[in-house]
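Work through the exercises below with the sequence and the structure side by side. Try each task before reading its solution.

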Amino acid sequence: MARTVLVLGGGIGGVVAARELRKGVGSSDRVILIDRDGQHLFPPSLLWVMEGTRKPDAIVKNLERLRRKGIEVIVGTVTGIDTDNRRVATDAGELDYDALVISLGAELAPDLMPGFAEAAVTPFDLAGAQATRDAIAGFDADKIVVMIASLPYKCPAAPYETAMFIDHALRKREVRGGVEIEFITPEPQPMPAAGPELGRIVEMALAARRITYRPGLNPESIDVDGKEVVLAGGERVGFDLLVGIPPHRPPAVIRESGLANEAGWIPVNHNTLTTPVPGVFAIGDVTAIMTPSGMPLPKAGVFAEGQAKTAAAGVAGFLSGEAKPTANFYGHGECFLETGGGVAGRATGNFYAEPKPRVKFNMPGRIWHWQKWVFEKWWMFRWAP
Ligand SMILES: Cc1cc2nc3c(=O)[nH]c(=O)nc-3n(C[C@H](O)[C@H](O)[C@H](O)COP(=O)(O)OP(=O)(O)OC[C@H]3O[C@@H](n4cnc5c(N)ncnc54)[C@H](O)[C@@H]3O)c2cc1C
């Protein structure tokens, strides 16, 4: 009998899960991917859009193309997940499922911080990356603040790369001398999940570029008219241009699904990506995973990709009657750290290592930038053909 597997979300985790499922389940089984935008975006290249070296349409593909690979695609918003009756509601109708993979990501929620939407630009979505590019290109005042509004946010490296891209762009225009760049964040150090050594390297990279780094600060609101970030405790940080990473929140449909923890994210087994409900897996940014060393696993595409492969194998096992999933995700991750001007470093490691994550850093050079360039091309060809 043909079974139906639903994949919710056509981002990084969703497309990988759907493609792997197509290979892993029977040819008569249906694999249906549901996404509200009908587009697959490759977010790591948003920073190149911001830099002006990448056209927006080069990093977006229409999900309909997955039909050629035997995957049914529904463009619609998921509005309900009923695990008791194994049914998903969308604004395009209801669908029953035999197994489910949830990869709905984390939502950007600028509305959670008063003043953010009016006062800040963000490179974290496609329109925002272009607006940030234009704001930097036209900047002719004194001070830029790069701000992480709150935790958690996706891609631990991206805000730091953003600051270094801005520095590089201003140097290229030969206007860096008169401009102050300040970086404020609630984190205790850059990329805490990767350990103190990498944090120190990033801090040194910021200092070498005269970017003032101020960790441990909690922005509460933006005074739009006064052009100031208001911090917990009352301190005000003035800016002429505010480049912000907005608050993130779990999708509302997850908060109401019965699968979420108090914060609204889905806790899963960190190895198998299973939820307490048999046949329901969750992957990527929508999950809350505590690593064996007691740190939250960062929200990053590299993890969503690895988890998608594991969940797809888990679904195939579930449908064939396997009592317990045998496929495991072991916490391997790697990421590039772009420093501007076609140069990048690379961090690789095991985030599930005990007593703490084991992360190795390759110092910045052109090679890692080119490796990311090749990776982007490969990704758009391999997963979103
Ligand atoms: C600027 C930037 C740079 C980054 N760089 C890197 C990097 O270098 N390396 C790295 O590993 N990670 C990077 N990331 C993080 C990475 O993009 C995310 O961690 C990754 O996309 C998570 O995958 P996901 O499948 O969980 O969610 P997403 O890729 O966000 O996909 C979620 C999908 O669900 C859809 N959706 C949401 N709600 C609904 C709904 N109710 N109904 C239907 N569809 C819905 C959305 O349209 C979206 O397509 C970066 C992120 C940003 C913003």
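The exercises go from the ligand to the domains and then to the backbone of this predicted model.

**Exercise 1. Describe the shell around the ligand: which residues come nearest, and how is the shell made up by class?**

Step 1. Collect the residues with a heavy atom within 4 Å of the ligand. The shell holds 29 residues. G13, D35, V78, S103 and V302 come nearest.

Step 2. Sort the shell by class. It has 13 nonpolar, eleven polar and five charged residues.

Step 3. Map the shell onto helices. Helix α1 (12–24) gives at least two residues, and so many come from α8 (301–319) as well: each supplies at least two.

**Exercise 2. Find polar backbone atoms of R36, V78 and A300 that face N or O atoms of the ligand, and give the distances.**

Step 1. Start with the ligand nitrogen atoms. A backbone N or O atom of V78 is 2.8 Å from one nitrogen atom of the ligand. For R36, a polar backbone atom lies 3.0 Å from a ligand nitrogen.

Step 2. Turn to oxygen. A polar backbone atom of A300 is 3.4 Å from an oxygen atom of the ligand.

Step 3. Add the cover. On its own, the ligand has 1,000 Å² of accessible area, and the protein covers 92% of this.

**Exercise 3. Set out the domains, and state how much area is buried between domain 1 and domain 2.**

Step 1. Take the bounds from the domain assignment. Domain 1 spans 4–106 + 250–332, and domain 2 spans 110–247.

Step 2. Locate the centres. Taken over C-alpha atoms, they are 30 Å apart.

Step 3. Count the contacts. In domain 1, 18 residues touch 20 residues of domain 2.

Step 4. Give the area. The size of an interface is often stated as the accessible area lost when the parts come together. Here about 1,500 Å² is buried between domain 1 and domain 2. Carbon and sulfur atoms give 77% of that area.

Step 5. Return to the ligand. Its shell draws at least three residues from each of domain 1 and domain 2.

**Exercise 4. Check the peptide bonds L151 to P152 and E354 to P355, and the phi of C155: are the bonds cis or trans, and is the phi positive or negative?**

Step 1. Recall the background. Most peptide bonds are trans, and most residues other than glycine have a negative phi.

Step 2. Read omega. From L151 to P152 the bond is cis, with omega near -5°. The bond joining E354 and P355 is also cis, with omega about 5°.

Step 3. Read phi. C155 is not a glycine, yet its phi is positive, about 65°.

Step 4. Place the residues. P152 sits in the loop between β12 (143–148) and α5 (158–172). C155 lies in the loop between β12 and α5. P355 is in the loop between β24 (344–350) and β25 (358–365).

**Exercise 5. Where does V343 lie, and which residues does V343 touch?**

Step 1. Place V343. Its loop runs between β23 (332–338) and β24.

Step 2. List the contacts, leaving out residues up to four places away in sequence. V343 touches L337, E338, P364, G365, R366 and H369.

Step 3. Compare sequence with space. K324 is 19 residues from V343 along the chain, and their C-alpha atoms are 45 Å apart.

Key: Residues numbered from 1 in each chain as written. Predicted model: local features only at pLDDT ≥ 70, side-chain atom pairs only at ≥ 80, totals over all residues. Heavy atoms only, no water. Polar contact = N/O pair within 3.5 Å; in protein donor to acceptor, adjacent residues only side chain to side chain. Areas by Shrake-Rupley, 256 points an atom, 1.4 Å probe, with all protein chains shown as cover. Helix = DSSP H or I, 4+ residues; strand = E, 2+ residues; numbered from the N terminus. Nonpolar A, V, L, I, M, F, W, Y, C, P; charged D, E, K, R; others polar. Domains from an automatic or database assignment. Contact = heavy atoms within 4.5 Å. Buried area = accessible area lost by both parts, 1.4 Å probe.
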